[in-house]
Amino acid sequence: MESSGRLKDRRTFLSFLAASPILAYAGLNSRWVEEVMAEPLPPQGTADLGAQNDAVIKSVKEALNVFDFDAAARTKLSTAHYTFITDGSFNNETLRANREGFNKYELRMRRLTGITKVDQSIKLFGATWDSPIFFSPVGRMNAYYPQGAVVVARAAKATRTLQILAGSAAILVDPKIMGDVIAARGEPVWFAGLGDTLDAPLIKRVEATGCPTLVWTVDDGGANTIGAKSVQRAGVRDLDRGADERCSGCHDNLPKVTRVQASDPIAGVGAVGALNGENSLKLTWDDVKRVRDTTRMKLVLKGVVTREDAALCVQHGIDAVYVSNHGGHEDASGRGTIECLPEVLEGAGGKIPVMIDSGFRGGADIFKALALGATAVGIGRPHIWGLSSFGQEGVETVVEILRRELQVAMAQTGAASIAKIRRDSLVTRS
Ligand SMILES: Cc1cc2nc3c(=O)[nH]c(=O)nc-3n(C[C@H](O)[C@H](O)[C@H](O)COP(=O)(O)O)c2cc1C
């Protein structure tokens with residue numbers, strides 16, 4: 001019912017648009033509107049749409065939790081882009097596991113703690129951040145909001161949040177974006193290089209921006225079915241985004257590998273089982289040694305989910321381990337990152353900080369990771385939902401909501417600061 005109500009609102013607006021001269025000014029015609037109206041909204045239920053409000057929120061002030069921004073983003077984005085953000089690869093098993101993993105732990109609440117204020121600040125590599133919540137790298141943010149990465153940088157500055165800029169194809173192609181983001185942030189930002197794209201010239205370019213920390217994402221493995229799901233839901237013919245006028249305006253400007261070619265659909269979407277030698281699967285620990293020897297920036301390995309790999313990170317001089325499964329975008333492990341965290345902490349042996357993301361949607365989720373021993377917790381989709389629906393204000397409000405929820409969890413467990421969060425504030429559900 002609710003979803004058909006939204007569909008009706010969207011159709012009413014689009015019908016108004018079709019009759020309006022605004023379209024002509026924008027260089028579009030009413031056929032574009034007809035095509036957008038024909039796009040089905042993705043079925044609900046693939047993601048955990050836990051919006052608290054009955055209706056889609058119209059302003060950030062109405063938001064009760066971060067899922068409200070998911071529902072709002074769904075009405076603002078094209079079917080293809082919304083599906084790309086939301087879905088997981090394979091049968092969504094890892095996407096679901098990321099959320100279900102939190103059920104394994106419960107919080108032991110203490111009463112009469114007298115805590116009315118909490119300090120959420122953390123220190124990472126000598127820098128202080130207002131809270132342990134950071135923005136995970138998300139590529140191609142212009143697809144979700146005009147100048148998306150720059151807008152997130154403004155929100156990161158306003159909330160003193162650590163932002164990790166994704167070195168997606170758009171940034172590699174357009175170096176200006178990196179400069180714009182740094183200008184908006186007011187200081188150099190962390191940069192995330194993806195798999196085998198992180199070569200010596202790119203590392204030098206990143207270094208030249210003053211970047212203090214290089215995050216190297218090593219979990220993209222040619223198993224990403226999401227691109228295919230996105231274009232199928234949008235009804236794009238033959239998976240060929242480049243040839244479809246709804247997509248070609250933007251996708252034609254991207255390098256070939258980011259486009260899905262009808263002649264070679266696997267190249268762009270990394271369909272199931274594709275070992276195309278173009279991603280992290282071809283990398284080895286010798287490559288880690290190579291990258292480690294190439295730069296003096298702090299080096300963080302993103303995508304580590306086992307004790308063995310965490311121990312190897314320590315051996316190879318990595319400065320922090322980042323537990324992640326790409327938010328369920330890349331693997332079919334069916335294992336939530338919160339379940340991987342204890343063994344990764346064991347492998348790291350307290351020698352280097354452990355960061356984590358994938359599936360974090362509330363203050364209690366974040367609290368659980370911190371109580372287990374994580375240093376910082378990343379959010380991917382939540383900040384993109386905020387960005388897509390309300391721009392900078394949306395991103396800032398997502399951060400504020402999560403900080404408030406974390407504040408309550410901390411106060412209710414008797415922790416006035418992050419250092420005071422205790423492991424025994426968690427009970428493992430039997
Ligand atoms: C749409 C989308 C694009 C992403 N792009 C990148 C990327 O370019 N580089 C990267 O390291 N991780 C990327 N990620 C993974 C995120 O950094 C992060 O690990 C993940 O979103 C965390 O899970 P969450 O979305 O459940 O919070 C992307 C994730 C999404 C959803």
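User: Which residues of helix α4 are buried?

Analyst: In this predicted model, helix α4 spans residues 67–76 and is mostly covered, with 8 of its 10 residues buried. A residue counts as buried when its relative accessible area is under 20%. The buried residues of α4 are F67, D68, F69, D70, A71, A72, A73 and R74.

User: Which strands form the edges of the open sheet of 8 strands?

Analyst: The strands of this open sheet follow the order β4-β11-β10-β9-β8-β7-β6-β5, and their pairing is parallel. An edge strand here pairs on one side only, and this holds for the strands at residues 133–135 and 164–166, which are β4 and β5.

User: By how many degrees are neighbouring strands of this sheet turned against each other on average?

Analyst: The sheet in question is the open one with parallel pairing that runs from β4 to β5 in its strand order. With direction ignored, the average turn between its neighbouring strands is 30 degrees.

User: Which residue in β7 stands opposite A192?

Analyst: Strand β6 covers residues 190–194 and strand β7 covers residues 213–217, and the two run parallel, joined by 4 bridges. Within β7, the residue that stands opposite A192 is V215.

User: What is the distance from an oxygen atom of the ligand to a backbone N or O atom of P137?

Analyst: Around the ligand there are 22 residues, and P137 is among those that come nearest, together with T217, D357, G359 and R361. For D357, an N or O atom in the side chain is 2.8 Å from an oxygen atom of the ligand. For P137, the backbone N or O atom lies from a ligand oxygen atom at a distance of 2.6 Å.

User: What percentage of the area that the ligand exposes when taken alone does the protein bury?

Analyst: The shell around the ligand divides into 8 nonpolar, 10 polar and 4 charged residues. One of its contacts involves H326, whose polar side-chain atom lies 3.3 Å from a nitrogen atom of the ligand. Taken alone, the ligand exposes 600 Å², and the part of this that the protein buries is 96%.

User: Is H326 buried or partly exposed?

Analyst: H326 lies in the loop between β9 (320–323) and α16 (337–348), and its phi is positive, at about 65 degrees, although H326 is not a glycine. Because buried means under 20% relative accessible area and exposed means over 50%, the value of 22% makes H326 partly exposed.

User: What is the relative accessibility of Q147?

Analyst: Q147 is found in the loop between β4 and α7 (148–159), and its phi is near 50 degrees, a positive value in a residue other than glycine. Q147 counts as partly exposed because its relative accessibility is 43%.

Conventions:
Residues are numbered from 1 along each chain as its sequence is written. This is a predicted model: local features need pLDDT of at least 70, side-chain atom pairs count only at pLDDT 80 or more; totals for chains, interfaces and linings use all residues. Side-chain values use heavy atoms; hydrogens and water are left out. Buried means under 20% relative accessible area, exposed over 50%, partly exposed in between (1.4 Å probe, protein chains only). Two strands pair if DSSP finds at least two bridges between them. Axes are lines fitted to C-alpha atoms, for helices over the stretch in contact, and angles run from 0 to 180 degrees between N-to-C directions. A residue is near a molecule or strand if one of its heavy atoms lies within 4 Å of it. A polar contact is a pair of N or O atoms within 3.5 Å; within protein, one must be able to donate a hydrogen and the other to accept it, and residues adjacent in sequence count only if both atoms are side-chain atoms. Accessible areas come from the Shrake-Rupley method with a 1.4 Å probe; for residues, only the protein chains shown count as cover. Ala, Val, Leu, Ile, Met, Phe, Trp, Tyr, Cys and Pro count as nonpolar, Asp, Glu, Lys and Arg as charged, and the others, Gly among them, as polar.
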